[in-house]
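Work through the exercises below with the sequence and the 3D structure at hand. Try each task before reading its solution.

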Amino acid sequence: MLKKLTNAFGVSGFEGPVRDLIISEIKDYCTEMTVDSMGNLKVYKKAKKQPAKKILLSAHMDEVGLIVTDITDDGYLKFASVGSIDPRVLISQRVTVNGYKGIISLKAVHLTDKEERQKPLSEKNLYIDLGTKTRAEAEGIALRGDYVAFDSEYVEFGDMVKAKALDDRLGCCIMIDILKQDWDVDLYCNFTVQEECGLRGAAVATRGINPDFAIVIEGTTCNDMAGVPEKLRVTKSGAGVTISVLDSASKADCALVKLLLSVAEKHSVPHQFKASTAGGNDAGVICTTDGGIKVASVSVPCRYIHSPVSVMNKNDYESCKKLIQVFLTEAEKGFDE
């Protein structure tokens with residue numbers, strides 16, 4: 001399922017193909033399912049027994065990508081990023097737009113002078129080569145405002161997975177698996193849109209639920225490569241699910257973090273803390289919705305995040321899923337055992 005989700009086209013603002021795939025997978029496992037005007041997929045699964053605690057899980061469907069801003073007379077596409085992308089990861093990458101393939105290109109180094117090579121790389125210097133020779137030919141494929149996604153296939157190697165959009169199709173995949181099980185909690189699962197361009201979908205999707213707890217399931221930064229000082233590594237691949245305490249968008253609820261830690265230790269779930277406050281996710285708007293919601297984020301470390309070749313450890317993914325499962329199990333008991 002993760003392969004299908006990461007291979008799907010779902011740049012922020014154009015999540016339809018991902019949403020359709022999720023709906024086809026969960027439609028037989030939920031009590032209610034709605035799609036709001038923004039495109040958020042909101043799912044409710046009623047508890048086996050009532051009354052029950054109300055738990056919200058949230059993961060975003062969208063991925064970073066590009067949008068066409070102009071077409072040159074000689075048939076090249078100019079573009080801008082949708083979401084935060086380092087321009088350095090774009091050179092020579094394969095992309096897809098409206099089902100057509102293209103390559104992100106830059107003037108050959110042989111043709112640049114010293115001054116050009118010393119300037120910081122900008123999207124303005126890049127273009128998408130579709131193999132077309134005229135504006136009219138290119139416009140037969142793409143127009144201004146069309147979305148462009150990375151053309152990067154899912155690949156497993158050792159304990160690792162390489163794919164685009166692990167942030168946050170991994171969270172969506174975990175929620176799909178969770179929904180296929182029965183729980184003694186009232187379970188709400190929000191598959192949100194437009195997280196990568198301002199946490200917009202969750203700000204709408206969360207309203208009116210008023211859960212006892214909310215947990216955001218994410219992919220997070222992993223910088224544990226050779227040559228990187230220990231203090232800058234943020235998370236470690238293979239060390240387990242990551243629990244965040246503070247980032248630029250939200251402060252995790254202290255009581256909820258303690259609950260997550262206690263159930264992780266009780267059930268021997270490998271876990272770690274995120275050693276950075278950079279970044280943010282949908283928890284940033286969930287925490288301030290409807291008078292305030294107790295929220296925390298659990299994540300899978302992803303190397304090379306927001307690139308066509310994000311990499312995660314399959315064991316970290318399983319640890320993240322297990323933590324959610326045992327948390328829901330303990331929530332059924334009231335956290336008193």
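**Exercise 1: a serine in a loop**

At 10% relative accessibility, Ser 250 counts as buried. The model is a predicted one.

Task: Explain why Ser 250 counts as buried, and find which residues Ser 250 touches, not counting residues up to four places away in sequence.

Solution.
Step 1. Place the residue: the loop between strand 14 (241-244) and helix 7 (254-266) holds Ser 250.
Step 2. Apply the cut-off: buried means under 20% relative accessible area. Ser 250 has 10%, so this residue counts as buried.
Step 3. List the contacts. Leaving out residues up to four places away in sequence, Ser 250 touches Val 245, Ala 283, Gly 284 and Cys 287.

**Exercise 2: the chain as a whole**

Task: State how many helices and strands the chain has, and decide whether the radius of gyration of the chain agrees or disagrees with that of a compact globule.

Solution.
Step 1. Count the elements: the chain has nine helices and 17 strands.
Step 2. Compare the radius. A compact globule of 337 residues would have a radius of gyration near 20 Å, and the chain has 21 Å, which agrees.
Step 3. Add the box: along the principal axes, the C-alpha atoms fill roughly 70 × 45 × 40 Å.
Step 4. Add burial and contacts. Of the 337 residues, 51% are buried. Among contacts with a separation of 6 or more, 75% are between residues 24 or more positions apart.
Step 5. Add the surface: the accessible surface is about 14800 Å², and carbon and sulfur atoms account for 50% of that surface.

**Exercise 3: helix 2 and its cover**

Task: Find which residues of helix 2 are buried and what covers them.

Solution.
Step 1. Helix 2 spans residues 16-26, and its buried residues are Gly 16, Val 18, Arg 19, Leu 21, Ile 22 and Ile 26.
Step 2. Recall the geometry: an α-helix has 3.6 residues a turn, so residues three or four places apart point the same way.
Step 3. Name the cover. The elements over these buried residues include helix 1 (2-7), strand 1 (32-35), strand 2 (41-45), helix 5 (166-179) and strand 12 (186-192).

**Exercise 4: charges and salt bridges**

Task: Take three of the 15 salt bridges in the structure and say where the partners lie and whether they are buried, partly exposed or exposed.

Solution.
Step 1. Count the charges: there are 42 positive and 47 negative side chains, and the centres of the two sets are 2 Å apart. Side chains of opposite charge can pair when their charged atoms come close.
Step 2. Take Lys 180 and Glu 25, whose side chains form a salt bridge at 2.6 Å, N to O. Lys 180 is in the loop between helix 5 and strand 12, while Glu 25 is in helix 2, 155 residues apart. Lys 180 is partly exposed at 31% relative accessibility, and Glu 25 is partly exposed at 24%.
Step 3. Take Lys 27 and Asp 28, with a salt bridge of 3.8 Å, N to O. Lys 27 is partly exposed at 45%, whereas Asp 28 is exposed at 63%.
Step 4. Take Lys 164 and Glu 63, where the closest N and O atoms are 3.1 Å apart. Lys 164 lies in the loop between strand 11 (160-163) and helix 5, and Glu 63 in the loop between strand 3 (54-60) and strand 4 (65-71), so the pair ties together parts 101 residues apart in sequence. Lys 164 is buried at 3%, and Glu 63 is buried at 1%.
Step 5. Extend the last pair: a network of salt bridges links Glu 63, Lys 164 and Arg 169.

How values were computed: Residues are numbered from 1 along each chain as its sequence is written. This is a predicted model: local features need pLDDT of at least 70, side-chain atom pairs count only at pLDDT 80 or more; totals for chains, interfaces and linings use all residues. Side-chain values use heavy atoms; hydrogens and water are left out. Helices (H or I, at least four residues) and strands (E, at least two) are DSSP runs, numbered from the N terminus. The radius of gyration is taken over C-alpha atoms; the globule rule is 2.2 Å times the number of residues to the power 0.38. Buried means under 20% relative accessible area, exposed over 50%, partly exposed in between (1.4 Å probe, protein chains only). Contact means heavy atoms within 4.5 Å. Accessible areas come from the Shrake-Rupley method with a 1.4 Å probe; for residues, only the protein chains shown count as cover. Lys and Arg count as positive and Asp and Glu as negative; His and the chain ends are not counted. The place of a charge is taken as NZ of Lys, CZ of Arg, CG of Asp or CD of Glu. A salt bridge is a side-chain nitrogen of Lys or Arg within 4 Å of a carboxyl oxygen of Asp or Glu.
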